[in-house]
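Please look over the model shown below before reading on. The text then leads through some of its features.

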Amino acid sequence: MTELEKVKRLQKKGEYDREIELLKTLAVSGNVDAMFMLAEIYYYGYGVKEDGAEAAVWLKKAAEKGHTEAQYMLGECYYEGEGVEKDLALAAKWYLAAAEKGHSNAAYGIGDCYYFGLGVPQDYSEAVKWFTVAAKGGLVDAQVEVGNMYLEGKGVVKDETEAVRWYTLSAEQGYAEAWFLLGECYRLGRGVPQDNDEAERLYALAAVQGHDGAKRELRRLDKKNPM
């Protein structure tokens, strides 16, 4: 049985003090997985009181040793000011480190930083690059962001048909905002033939999920087409 297997067994038994003691021994000896597990314990309060500062200490140690998930979580900590002083430049640094290894949420995070100029110079080309990485990883909100950028021509050549393609990928996963935006495209004839009936169908799909904009557009269409 490996030392980490012993840790997991202690966790199942609820022997949290012994679990943490063993993890700290492993972490001090340089075990990066133990560092990350300690960070999670303090971050989420597994068997101990939540302690963002202690979590950040271990996240930083793991991140500096190249642990991808730790890099992403440390970026989140710096972005939110959780357990550390808020620092958008450091948030961007750690998001980028994880994103470069294919971490979808980190790619979305650094894309957001470039889009708004948070901790890095504003750069729409870099934003769409990283949003696309996240979108290809299946993140529905990233797919919508890529669609928005193609629709508006931000960081890419404007292409309304490509925007519709990305909205569709997101909508197929059931994301209400994507259904709504597709409805907008059909209502306005952007990237697709103008079709109020299809727009109404798409708005209805979004409205079922509670999308306020879709509900508003459905009411407006009803007023334009009284029985």
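The paragraphs below take up one helix, the nonpolar core, the cysteines, and the salt bridges.

This is a predicted model, in which local features need pLDDT of at least 70 and side-chain atom pairs count only at pLDDT 80 or more, while totals for chains, interfaces and linings use all residues. Residues are numbered from 1 along each chain as its sequence is written, and side-chain values use heavy atoms, with hydrogens and water left out.

Helix α9 covers residues 140-152. Helices here are DSSP runs of H or I with at least four residues, numbered from the N terminus. The expected span of a helix is 1.5 Å times one less than its number of residues. For the 13 residues of α9 this gives 18 Å, and the end C-alpha atoms are 19 Å apart, which agrees. After α9 comes Gly153, which has a positive phi near 70°.

Which residues of α9 are buried? They are Ala142, Gln143, Val144, Val146, Gly147, Asn148, Met149, Tyr150 and Leu151. Buried means a relative accessible area under 20%, exposed means over 50%, and partly exposed lies in between, with a 1.4 Å probe and protein chains only. The buried residues of α9 pack against α7 (104-116), α8, α10 (160-171) and α11 (176-188).

Gln143, within α9, is a polar residue to follow in the view. Its relative accessible area is 4%, so Gln143 counts as buried. A polar atom of the Gln143 side chain lies 3.3 Å from the backbone nitrogen of Ser170. Contact means heavy atoms within 4.5 Å. Apart from neighbours within four places in sequence, Gln143 is in contact with Ala135, Gly138, Trp166, Leu169, Ser170 and Gln173.

The nonpolar core comes next. A nonpolar core is a set of buried Ala, Val, Leu, Ile, Met, Phe, Trp, Tyr and Cys residues joined through side-chain atoms within 4.5 Å. The largest one has 77 residues, and Leu59, Ile110 and Tyr167 have the most contacts inside it. Helix α3 (residues 32-44) contributes the largest share of this core, nine residues. In soluble globular proteins, nonpolar side chains tend to be buried together. Residues up to four places away in sequence aside, Ile110 touches Ala92, Tyr95, Leu96, Ala99 and Trp130.

How many disulfides does the structure hold? There are zero, a disulfide being a pair of cysteine sulfur atoms within 2.5 Å. For Cys113, the nearest cysteine sulfur belongs to Cys77 and is 14 Å away. Cys113 is buried, with a relative accessible area of 0%. Cys185 is also buried, because its relative accessibility is 1%.

The structure holds nine salt bridges. A salt bridge is a side-chain nitrogen of Lys or Arg within 4 Å of a carboxyl oxygen of Asp or Glu. Side chains of opposite charge can pair when their charged atoms come close.

In helix α1 (residues 3-13), the side chains of Lys6 and Glu3 meet in a salt bridge, at 3.0 Å from N to O. These two residues are three apart in α1, about one turn of the helix. An α-helix has 3.6 residues a turn, so residues three or four places apart point the same way. Lys6 is partly exposed at 34% relative accessible area, and Glu3 is partly exposed at 32%. Gln11 lies in α1 too and is partly exposed, with 34% relative accessibility. Gln11 touches Tyr16 and Glu19, leaving out residues up to four places away in sequence. Gln11 and Tyr46 are 35 residues apart in sequence, and their C-alpha atoms are 9.1 Å apart in space.

Helix α8 (residues 124-136) holds Lys129 and Glu126, three residues apart, about one turn of the helix. Their side chains meet in a salt bridge of 3.9 Å, N to O. Lys129 is partly exposed at 41%, as is Glu126 at 23%.

In helix α13 (residues 212-224), Glu217 and Arg220 are likewise three residues apart, about one turn of the helix. The closest N and O atoms of their salt bridge are 2.8 Å apart. Glu217 is buried, with a relative accessible area of 9%, whereas Arg220 is partly exposed at 29%. Salt bridges that share partners join Glu184, Arg187, Glu217 and Arg220 into one network.

Terms used. A polar contact is a pair of N or O atoms within 3.5 Å; within protein, one must be able to donate a hydrogen and the other to accept it, and residues adjacent in sequence count only if both atoms are side-chain atoms.
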